[in-house]
Amino acid sequence: MNAPHRLLIGNIGQLITMAGEPHARVGAEMSDLALIRNAAVLIEGQNVIGCGVEDTVYAAATTLGDFDEIDAAGAVVTPGLIDAHTHLVHGGTRQGEFEARALGKTYAEIMDGGGGIYSSVLATRAATLPELVAAAKLHLAEMLAHGTTTCEAKSGYGLDLETELRQLKAVSILNREQPVELIATFMGAHAVPAGTDQGDYVDWLCGVALPEVAASGLARFNDVFCELGVFTQEESEQILLAGKRFGLQPKIHADELNDTGGAALSARIGAISADHLHCASDVGLLAMADAGTIAVLLPGTAVFLGLTVHAPARRMIEAGVAVALGSDFNPGSCYCRSMPLIMSFACTQLGMSPAEALAASTVNAAYASGVGGRVGTIEVGKQADLVLWDADDYRMMPYAMGANLVRTVIKKGSFCVLP
Ligand code: NIG
Ligand code: FE
């Protein structure tokens with residue numbers, strides 16, 4: 001049998017381990033990066049087997065035998081970034097809508113005019129499986145180049161069974177064909193298809209689509225767009241509870257444009273996360289804190305749409321809600337594939353500190369995506385997903401707004417080829 005391959009990353013200026021208790025970070029915990037200076041990480045196969053002060057890790061590596069070594073030259077090393085909310089797989093692009101908004105139209109006006117989600121539904125229905133896979137591969141290469149090693153990915157641009165399953169199949173193919181690890185979410189409840197009765201669609205989701213999707217084994221989560229004019233709180237509850245009966249864990253797009261009680265609903269039904277939350281009430285936030293529901297905040301969306309209302313991140317952190325970040329990457333409301341840029345927005349628009357933004361993009365995003373036991377921190381026994389940055393201070397990541405400081409990405413112990 002071949003000896004397992006060992007790799008030592010030495011001369012790390014700041015090792016951001018995020019090590020700690022096995023749960024999402026809340027309150028002051030979000031500021032504790034478990035930072036080690038003059039550090040090293042030892043990887044064996046796909047996992048971390050040592051991390052800490054360089055001399056100690058070096059000594060341990062030497063006793064084990066041969067190892068390869070790379071010199072981080074004083075760089076910052078963090079866990080691979082985790083994007084907790086994307087609409088990765090879709091057909092087409094909507095740069096014309098971006099232009100129309102720049103010239104004064106609103107997102108709602110564009111949607112009412114037949115654009116918005118519906119134009120992506122048409123483009124996605126028209127795309128073949130290889131076309132969806134090829135387009136998403138390019139997006140994932142861009143995400144990886146910006147340090148994302150794990151990413152949640154929703155369906156929701158089919159609104160019929162065939163296309164929704166095609167989107168989810170694309171996710172499972174992508175999981176085999178490129179390094180960024182994907183977690184699939186079914187989001188048939190993204191909109192009601194044009195020409196379909198609202199009640200009939202909810203019944204179809206609960207009675208037909210959810211059991212079929214669950215039986216396919218292609219999705220782990222079930223998400224609903226709970227919003228005025230989309231799905232009511234009652235319909236959202238019905239759809240999420242139906243999914244839960246078939247083994248799909250609830251997620252929810254909640255209180256994005258209006259307070260429709262989505263935050264409280266997420267807590268009541270045991271959702272793993274509630275996402276967006278720009279307009280969430282304090283009562284809803286306290287319920288989330290009590291239930292341990294993670295808030296996934298998506299500041300890129302408001303910036304992309306030119307909105308000034310942002311999620312009350314400080315109130316959430318003070319209330320004891322665990323906050324995670326995501327890009328919300330999608331063709332309509334946020335065409336952004338860079339988590340460092342999202343961290344910049346978290347600092348400038350949400351009042352989060354660089355440390356909190358980093359916790360939200362690693363350990364808390366991992367728990368919001370159901371993979372916190374395996375990724376999101378650099379600890380012995382965890383998967384070796386790491387990023388080396390062209391920086392000697394982690395605060396450079398959100399500070400160098402729009403720049404890409406990623407130097408090297410390691411996924412499951414292997415070096416990634418970056419575009
Ligand atoms: O998360 N909020 C709902 N859905 C997407 C936007 C979808 C689109 O415009 O295509 C979002 O922002
Ligand atoms: Fe979204």
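Reader: In this predicted model, where is the place of Phe246?
Author: The model is a predicted one. Helix α8 covers residues 233-245, and strand β10 comes after the loop in question. The place of Phe246 is in the loop between α8 and β10.

Reader: Is Phe246 buried, partly exposed or exposed?
Author: A residue counts as buried under 20% relative accessible area and as exposed over 50%. Phe246 has a relative accessibility of 38%. The value lies in between, so Phe246 is partly exposed.

Reader: How many Å apart in space are Phe246 and Val230?
Author: Along the sequence, Phe246 and Val230 are 16 residues apart. Taken from C-alpha to C-alpha, their separation in space is 23 Å.

Reader: Which residues coordinate the iron ion (ligand 2)?
Author: The donor atoms are NE2 of three histidines and OD of an aspartate, at 2.1 to 2.4 Å. Along the chain, these donors follow the spacing H-x1-H-x165-H-x74-D. The residues that coordinate the iron ion (ligand 2) are His85, His87, His253 and Asp328.

Reader: How many residues apart are His85 and His253?
Author: His85 belongs to the loop between β6 (81-83) and α2 (95-102), whereas His253 is in strand β10, residues 249-254. The pair thus links distant parts of the chain, and the separation is 168 residues.

Reader: Is His253 buried or exposed?
Author: The limit for a buried residue is under 20% relative accessible area. His85, another donor to the iron ion (ligand 2), has a value of 0% and is buried. His253 has a value of 2%, so this residue is also buried.

Reader: Where does ligand 1 sit?
Author: There are 15 residues around ligand 1, and Arg94, Tyr107, Tyr157, His190 and Ser333 come nearest. The location of ligand 1 is the largest cavity.

Reader: How much of the accessible area of ligand 1 does the protein cover?
Author: Oxygen atoms of ligand 1 lie 2.4 Å from a side-chain N or O atom of Tyr107 and 2.5 Å from a polar side-chain atom of Tyr157. A nitrogen atom of ligand 1 is 2.9 Å from an N or O atom in the side chain of Glu256. On its own, ligand 1 has 320 Å² of accessible area, of which the protein covers 99%.

Reader: What is the phi of Met18?
Author: Most residues other than glycine have a negative phi. Met18, in the loop between β1 (6-16) and β2 (35-44), has a positive value. Met18 is buried, with a relative accessible area of 0%. The phi of Met18 is near 60°.

Reader: What is the phi of Leu277?
Author: Leu277 is placed in the loop between β11 (273-276) and α10 (282-291). The residue is buried, at 0% relative accessible area. Its phi is positive, although Leu277 is not a glycine, and the value is near 65°.

Reader: How many Å apart in space are Met288 and Gly320?
Author: Met288 lies in helix α10 and is buried, with a relative accessible area of 0%. Met288 and Gly320 are 32 residues apart in sequence. From C-alpha to C-alpha, the distance in space is 8.7 Å.

Reader: What separates the C-alpha atoms of Ile12 and Ser414 in space?
Author: Ile12 has its place in strand β1 and is buried, with a relative accessible area of 1%. Along the chain, Ile12 and Ser414 are 402 residues apart. Their C-alpha atoms are separated by 18 Å.

Note on methods: Residues numbered from 1 in each chain as written. Chains lettered and ligands numbered in written order. Predicted model: local features only at pLDDT ≥ 70, side-chain atom pairs only at ≥ 80, totals over all residues. Heavy atoms only, no water. Donors = N, O, S within 2.8 Å, 3.2 Å for Na, K, Ca; no water. Helix = DSSP H or I, 4+ residues; strand = E, 2+ residues; numbered from the N terminus. Buried < 20%, exposed > 50% of the residue type's maximum accessible area, 1.4 Å probe, protein only. Near = heavy atom within 4 Å. Polar contact = N/O pair within 3.5 Å; in protein donor to acceptor, adjacent residues only side chain to side chain. Areas by Shrake-Rupley, 256 points an atom, 1.4 Å probe, with all protein chains shown as cover. 1 Å grid on protein atoms, 1.4 Å probe; cavity = no way out; pocket = protein on both sides within 12 Å on 5 of 7 lines; lining within 4 Å. Sits in = over half its atoms within 2 Å of the grid points.
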